[in-house]
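Please find below a colleague's note on the model, set out as numbered points. The points begin with one residue and its surroundings, then turn to the strands and the cysteines.

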Amino acid sequence: MASSGVLASDPSPLQDFCVADTTSPVLVNGFVCKNPMHVNAEDFFFSGFNKPGNTNNRLGSNVTTVNVNQIAGLNTLGISLARIDYAPFGVNPPHTHPRATEILTVIEGTLHVGFITSNPQNRLIFKVLNAGDVFVFPQGLIHFQFNRGHKKAVAMARLGSQNPGRIEAKDLFGSNPKIDASVLAKAFQVDKKVIDYLQRQFGMDNNN
């Protein structure tokens with residue numbers, strides 16, 4: 001009998017570090033390592049995480065990511081970071097991270113957060129968080145945060161991947177190229193005109 005295993009997270013590093021060489025034309029799962037003799041402190045450094053993000057948008061939120069694209073030294077280390085700023089009644093809309101579990105810490109304000117379990121239960125698991133509270137969003141599950149207060153809110157998120165990815169519900173309507181509107185109309189059981197409108201709206205968002 002033969003058996004096989006499946007890795008469900010970023011692969012473990014085989015050396016002290018593997019700073020991403022973003023100039024290399026070689027395609028691998030992640031990034032090719034920079035020559036370690038050319039590595040310096042700047043490869044492990046990011047500045048400005050203390051600065052609030054601009055929440056002057058329709059969602060009233062802003063996500064500042066610090067992953068392998070911002071810190072090359074995160075390559076192969078299986079971790080990244082995000083700061084989320086929320087205007088009063090701002091929302092970080094329902095989305096998933098296909099490659100990472102997320103642990104969220106509220107720094108300031110009050111957030112209504114939750115995630116939805118997979119089929120067949122599709123349970124909504126939610127909680128109201130205050131400053132100092134911590135909540136976990138399991139890998140791949142749809143989750144959200146909503147600032148239910150009249151003041152701004154700030155949260156920090158740690159994610160278990162150097163590049164967790166993000167897929168939002170709106171991506172169904174803003175994909176490139178577009179999904180045939182008939183497919184989405186049938187899937188959501190709505191008139192095709194509704195899908196046409198949503199594709200115009202979210203297509204414009206993705207082009208901005």
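1. Leaving aside its neighbours within four places in sequence, which residues is Asp85 in contact with? In this predicted model, the contacts of Asp85 beyond those neighbours are Pro52, Gly53, Thr55, Gly60, Ser61, Asn62, Ala153 and Val154.

2. Asp85 belongs to strand E2, which covers residues 80-86. Its relative accessibility is 4%, and Asp85 therefore counts as buried, the cut-off being under 20%. Two polar contacts of its side chain deserve mention. One is to the backbone nitrogen of Gly53, at 2.9 Å; another is to the side chain of Arg83, also given as 2.9 Å. Gly53 thus appears both as a polar partner of the Asp85 side chain and in the list of Asp85 contacts.

3. Five strands form an open sheet in the order E6-E5-E8-E3-E10, and their pairing is antiparallel. Strands E6 (124-130) and E10 (167-168) each have a single partner strand, so at these edges one side of each strand is left without a neighbour in the sheet.

4. Within that order, strand E5 (residues 110-116) and strand E8 (residues 143-147) are antiparallel and are joined by five bridges. Across this pairing, His112 stands opposite Phe146 of E8.

5. A further antiparallel pairing links strand E4 (residues 102-108) with E7 through four bridges. Here Ile103 has Val136 in E7 as its bridge partner.

6. Which side chains of strand E7 (residues 134-137) are buried, and which are not? Phe135 and Phe137 point to one face and are buried, whereas Val134 and Val136 point to the other face and are not. Such alternation between the two faces of the sheet is what a regular strand shows. Val136, the partner of Ile103, is therefore on the face of E7 whose side chains are not buried.

7. The count of disulfides comes to one. This bond joins Cys18 to Cys33, with an S to S distance of 1.8 Å. The angle about the S-S bond is -105°, and the link of Cys18 and Cys33 is left-handed. Both cysteines lie in the segment before strand E1 (61-66), so the pair ties together parts that are 15 residues apart in sequence.

8. Are the two cysteines, Cys18 and Cys33, buried or exposed? Cys18 counts as buried, at 3% relative accessibility, whereas Cys33 is partly exposed, with a relative accessible area of 35%.

Definitions and conventions. Residues are numbered from 1 along each chain as its sequence is written. This is a predicted model: local features need pLDDT of at least 70, side-chain atom pairs count only at pLDDT 80 or more; totals for chains, interfaces and linings use all residues. Side-chain values use heavy atoms; hydrogens and water are left out. Two strands pair if DSSP finds at least two bridges between them. Helices (H or I, at least four residues) and strands (E, at least two) are DSSP runs, numbered from the N terminus. A disulfide is a pair of cysteine sulfur atoms within 2.5 Å. Buried means under 20% relative accessible area, exposed over 50%, partly exposed in between (1.4 Å probe, protein chains only). A polar contact is a pair of N or O atoms within 3.5 Å; within protein, one must be able to donate a hydrogen and the other to accept it, and residues adjacent in sequence count only if both atoms are side-chain atoms. Contact means heavy atoms within 4.5 Å.
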